[in-house]
Amino acid sequence: MKKICLGIFFALTLCLLTACSGSPREYSTDFFAMDTFMSITAFGDGAEEGVKATARRVMELERLLSVTDEGSEIYALNSGRASSVSAETAELIAFALDIADRTGGTLDPTIYPVLRAWGFTTGEYSVPSAEELSGLLESVGYERVRADGDTIALSEGMMLDLGAVAKGFAADEAERILRGNGVTSALINLGGNIQLVGSKPDGSDWRLGLKDPSGEGNIGVLTVSDCAVVTSGSYERSFTAPDGTVYGHIIDPASGIPVDNGLLSVTVISDEGRLCDALSTALFVMGRDRALEFRRENGGFDVILITDSGEVLITDGIADDFTLDGAHSELTVKVIEC
Ligand code: ADP
Ligand code: MG
């Protein structure tokens, strides 16, 4: 009898504890960094400390990596004031150069002089002449950056811009810090670069809206956990020239001209934020066919391409996790076997 009472007592205590902690502690913060809005939501005991430490770290990385902040390491390199950088900046430069090499220079972290001429850094847009562009392209070429550990040597006129990979790198750092604080469930949103730590607190997958690149709202939903999801598209930042041409902020390093190849957006899904960020930009520059060829030759990630002819091309590793919104019957989903 005593045993039964004790059993009931424990059962009751457990129920009460579960009721109290039915929804785990949640902590969120929103802030502006790296030229975009960011938000981090984490669940569980280490959530508050983890989220605060993460936000501090993202802002610290911005101070190191910003191409426009005169106090940053990248600014010091670009202005010839320094030739060595911190270990983390060196790590990201090495990563960007490696992906530049693997993607045939479609990602090129030395594109900055060209980007600046188009006005994407200041918002004072203009269309550079062909002569101006060919002059500026002489300073572009990732293969001429010499990186030896923390020592970086740029040739005359060359400038580094890690804008295409910095948010992904920061998201990896965010995940590392949150996990270090014991967080096993979190949603990191660094200006559209999404990184998911584990699943939702109730164990179900997160539901992420996939943005409509040619309108408002989403074209569908991705139901995923424990991964990074990064989208690149010209719709993010663009301007309309006096002749009506719309130019986006991702530049084809081969021509110095903003990408206009029929792709509206590229979403990359993998375990690593930095890889997703680098590849979403590079594949956007490659265009539909080259991007799919690159994916067939290189594993380790899934991709969703949206084209201006209404195709949604999705690799087989992620196809079952995507649901097209019923209101978007104009789009055709095609699964790509890899
Ligand atoms: P976003 O930063 O809008 O999320 P991306 O990750 O695709 O988008 O990065 C675009 C940024 O990368 C541009 O704003 C610019 O700073 C830089 N950039 C543009 N074209 C290239 C390129 N071909 N290679 C490397 N960086 C680029
Ligand atoms: Mg990118």
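## Exercises on helices, rings and loops

Helix H7 and helix H8 cross in a right-handed sense. The model you are looking at is predicted, and the exercises below let you explore it piece by piece.

**Exercise 1. Work out how H7 and H8 are oriented to each other.**

Solution.
- Two packed helices are described by the angle between their axes and the distance between those axes.
- Start by finding the two helices: H7 covers residues 166-180 and H8 covers residues 273-286.
- Their axes are 7 Å apart, at an angle of about 165°.
- Angles over 145 degrees count as roughly antiparallel, so H7 and H8 are roughly antiparallel to each other.
- Now look at who makes the contact: H7 brings Ala166, Lys167, Gly168, Phe169 and Asp172, while H8 brings Gly273, Arg274 and Asp277.

**Exercise 2. Decide how H8 and H9 are oriented, and find the residues that meet.**

Solution.
- Helix H9 spans residues 288-297.
- The axes of H8 and H9 come within 6 Å and cross at roughly 130°.
- An angle between 115 and 145 degrees is neither roughly perpendicular nor roughly antiparallel, so H8 and H9 are oblique to each other.
- On the H8 side you will find Leu279, Leu283 and Met286. Their partners in H9 are Arg288, Arg290, Ala291 and Phe294.

**Exercise 3. Is Glu173 buried or exposed, and which residues does it touch?**

Solution.
- Go back to H7, where Glu173 is found.
- Its relative accessible area is 10%. Buried means under 20%, so Glu173 is buried.
- Leaving aside residues up to four places away in sequence, Glu173 touches Arg57 and Leu61.

**Exercise 4. Classify the ring pair of Phe32 and Phe37.**

Solution.
- Two aromatic rings pair if their centres lie within 6.5 Å. By this rule the count comes to nine aromatic pairs.
- In the pair of Phe32 and Phe37, the ring centres are 4.9 Å apart and the planes stand at 75°, so the pair is edge-to-face.
- Next, check the surroundings of each ring: Phe32 is partly exposed at 47% relative accessibility, and Phe37 is exposed at 64%.
- For another example, trace the cluster in which ring pairs link Trp118, Phe120, Tyr125, Phe239 and Tyr247.

**Exercise 5. Which rings have the charged end of Arg274 or Arg295 over them?**

Solution.
- Arg274, which you met in the contact of H7 and H8, has its charged end over the ring of Phe95, 6.0 Å from the ring centre.
- Arg295 lies over the face of Phe301, at 5.4 Å from the ring centre.

**Exercise 6. Place Met34, Asp226 and Ser309 in their loops and judge their exposure.**

Solution.
- Met34 lies in the loop between strand E1 (26-33) and strand E2 (36-43). Its relative accessibility is 14%, so Met34 counts as buried. Its phi is near 50°, a positive value in a residue other than glycine.
- Asp226 sits in the loop between strand E8 (218-224) and strand E9 (228-232). With a relative accessible area of 40%, Asp226 is partly exposed. Phi of Asp226 is near 50°, again a positive value in a residue other than glycine.
- Ser309 belongs to the loop between strand E15 (302-307) and strand E16 (311-315). Its relative accessible area is 56%, so Ser309 is exposed.
- To finish, compare sequence with space: Ser309 and Ala291 are 18 residues apart in sequence and 16 Å apart from C-alpha to C-alpha.

Note on methods:
Residues are numbered from 1 along each chain as its sequence is written. Chains are lettered from A and ligands numbered from 1 in the order in which they are written. This is a predicted model: local features need pLDDT of at least 70, side-chain atom pairs count only at pLDDT 80 or more; totals for chains, interfaces and linings use all residues. Side-chain values use heavy atoms; hydrogens and water are left out. Rings of Phe, Tyr and Trp (its six-membered ring) pair if their centres lie within 6.5 Å; planes under 30 degrees apart count as stacked, over 60 as edge-to-face and the rest as tilted. Buried means under 20% relative accessible area, exposed over 50%, partly exposed in between (1.4 Å probe, protein chains only). A charge sits over a ring if NZ of Lys or CZ of Arg is within 6 Å of the ring centre and within 35 degrees of the ring normal. Axes are lines fitted to C-alpha atoms, for helices over the stretch in contact, and angles run from 0 to 180 degrees between N-to-C directions. Helices (H or I, at least four residues) and strands (E, at least two) are DSSP runs, numbered from the N terminus. Angles under 35 degrees count as roughly parallel, over 145 as roughly antiparallel, 65 to 115 as roughly perpendicular and the rest as oblique. A crossing is left-handed if the near helix is turned anticlockwise from the far one by less than a right angle, and right-handed if clockwise. Contact means heavy atoms within 4.5 Å.
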